[in-house]
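Please open the structure in your viewer and keep the selection tool at hand. The stops below say what to select next and what is to be found there.

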Amino acid sequence: MAGSDHLLARPGLAIGIMGVSGCGKSTVAALLAEALGCSFIEADDYHSQENKAKMSKGIPLSDADRTPWLESLLYAIRDRLDHGEDVAVSCSALQLKYREVLRAADRSYKPGDYATCRVKFVCLRASAEVITERMQRRSSEGKHFMPASLLQSQLDLLQIDAAEGITEVDAAVHAGNIVRDTVAQFREELASTVPPCF
C-alpha cells in the first residue's frame with residue numbers, strides 16, 4: 001500500500017557498537033555485519049573533511065560539528081530499517097543525546113521507549129591505558145585521524161543511563177566472542193536468519 005512501505009512485517013534491527021575511539025568498535029561491528037550477512041555502517045566515513053581535520057589536530061568536536069554527522073547517520077540507518085534490513089553500525093555515540101538522534105532512525109521510536117526501539121547499542125569499554133596504546137599504534141601506522149590526545153575528552157563525554165539497558169562489554173574480550181554474545185542477545189529481534197552456531 002502506498003505510503004506504508006516502511007511498515008514491514010519483519011522490520012530490521014540496527015545494532016550500534018559504541019564507545020570511545022580505539023576500543024575496537026569498527027572491528028566488532030564489521031565482524032557482526034559479516035555474521036549477520038547485513039550491511040555495515042562505519043560512522044567515521046560520514047564525518048566531513050572539516051571534522052576529520054579538526055580531530056586530527058587534537059581539537060574535540062563541538063555539538064554543532066556533530067549534528068550534521070549524526071543526522072547523516074540517522075538517514076543511513078533508517079534507509080536500511082525501512083527496507084527490513086539489519087545493519088551493524090560502528091559509532092562512538094558517547095552521550096544519550098547523540099544516541100537519541102540515532103534512535104530516531106526507527107520511525108516508531110518514542111523518546112525513552114528503549115525496549116521497543118529498533119536501534120540497539122552495545123558499549124565496548126577498556127582501561128584508558130589499553131585504549132591509549134591502541135590509538136598510538138593506529139596513529140603511528142597512519143590508520144586513523146584520531147590522535148591519542150583526544151582520548152580523555154571522549155572518556156569525559158561517555159555517559160550511559162542505566163534505563164537505556166545498554167550492554168557493556170570488556171573490549172579486551174576476543175572480538176569473535178563479543179559478536180557471538182551480541183547475536184545471541186538480539187537473535188529474536190533480528191530480520192536476518194542467523195546460523196545456530198552463533
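Two packed helices are described by the angle between their axes and the distance between the axes. The axes used here are lines fitted to C-alpha atoms, for helices over the stretch in contact, and the angles run from 0 to 180 degrees between N-to-C directions. Please keep in mind throughout that this is a predicted model.

**The whole chain**

Begin with everything selected: the secondary structure of the chain comes to 7 helices and 5 strands, and along the sequence these elements follow the pattern β-α-β-α-α-β-α-β-α-α-β-α. Of the 198 residues in the chain, 46% are buried, while the accessible surface comes to about 9,700 Å², with 52% of that surface belonging to carbon and sulfur atoms. Among contacts with a separation of 6 or more, 75% are between residues 24 or more positions apart.

**The sheet**

Next, select the strands, which form an open sheet of 5 strands in the order β2-β3-β1-β4-β5, with parallel pairing. At the edges stand β2 (39–42) and β5 (167–170), each with a single partner strand, so one side of each is left without a neighbour in the sheet. From one strand to the next, the twist averages 25°.

Now narrow the selection to strand β1, residues 14–18, which is joined to β3 by 4 bridges, the two running parallel; here G16 stands opposite V89 in β3. Strand β1 is also joined to β4, by 5 bridges and again in parallel, and the bridge partner of I17 in β4 is V122. How many of the residues of β1 are buried? The count is 5 of the 5, so β1 is largely enclosed by the rest of the structure. If you show the side chains, A14, G16 and M18 point one way from β1, whereas I15 and I17 point the other way, and all are buried.

**Helices α3 and α4**

Move on to helices α3 and α4, which pack at an angle of about 30° with their axes 8 Å apart. That makes α3 roughly parallel to α4, because angles under 35 degrees count as roughly parallel. The crossing of these two helices is right-handed. To see where they meet, select D63, R66, L70, E71, L73, L74 and I77 in α3, together with K97, Y98, V101 and L102 in α4.

**A76 in helix α3**

Stay with helix α3, which covers residues 63–82, and pick out A76 within it. Is A76 buried or exposed? Its relative accessibility is 10%, so A76 counts as buried, the cut-off being under 20%. Leaving aside neighbours within four places in sequence, A76 is in contact with I41 and Y46. A distance to try in the viewer is the one between the C-alpha atoms of A76 and A105, which lie 29 residues apart along the chain and are separated by 8.3 Å.

**Q95 in a loop**

As a last stop, select Q95, which is found in the loop between β3 (87–90) and α4 (96–103). Why does Q95 count as buried? The reason is its relative accessibility of 14%, which falls under the 20% cut-off. Once its neighbours within four places in sequence are left aside, Q95 is in contact with L157 and Q159, so add these two residues to the selection to see what Q95 touches.

Notes. Residues numbered from 1 in each chain as written. Predicted model: local features only at pLDDT ≥ 70, side-chain atom pairs only at ≥ 80, totals over all residues. Heavy atoms only, no water. Buried < 20%, exposed > 50% of the residue type's maximum accessible area, 1.4 Å probe, protein only. Contact = heavy atoms within 4.5 Å. Areas by Shrake-Rupley, 256 points an atom, 1.4 Å probe, with all protein chains shown as cover. Pairing = 2+ DSSP bridges. Parallel < 35°, antiparallel > 145°, perpendicular 65-115°, else oblique. Left-handed = near helix turned anticlockwise from the far one by under 90°.
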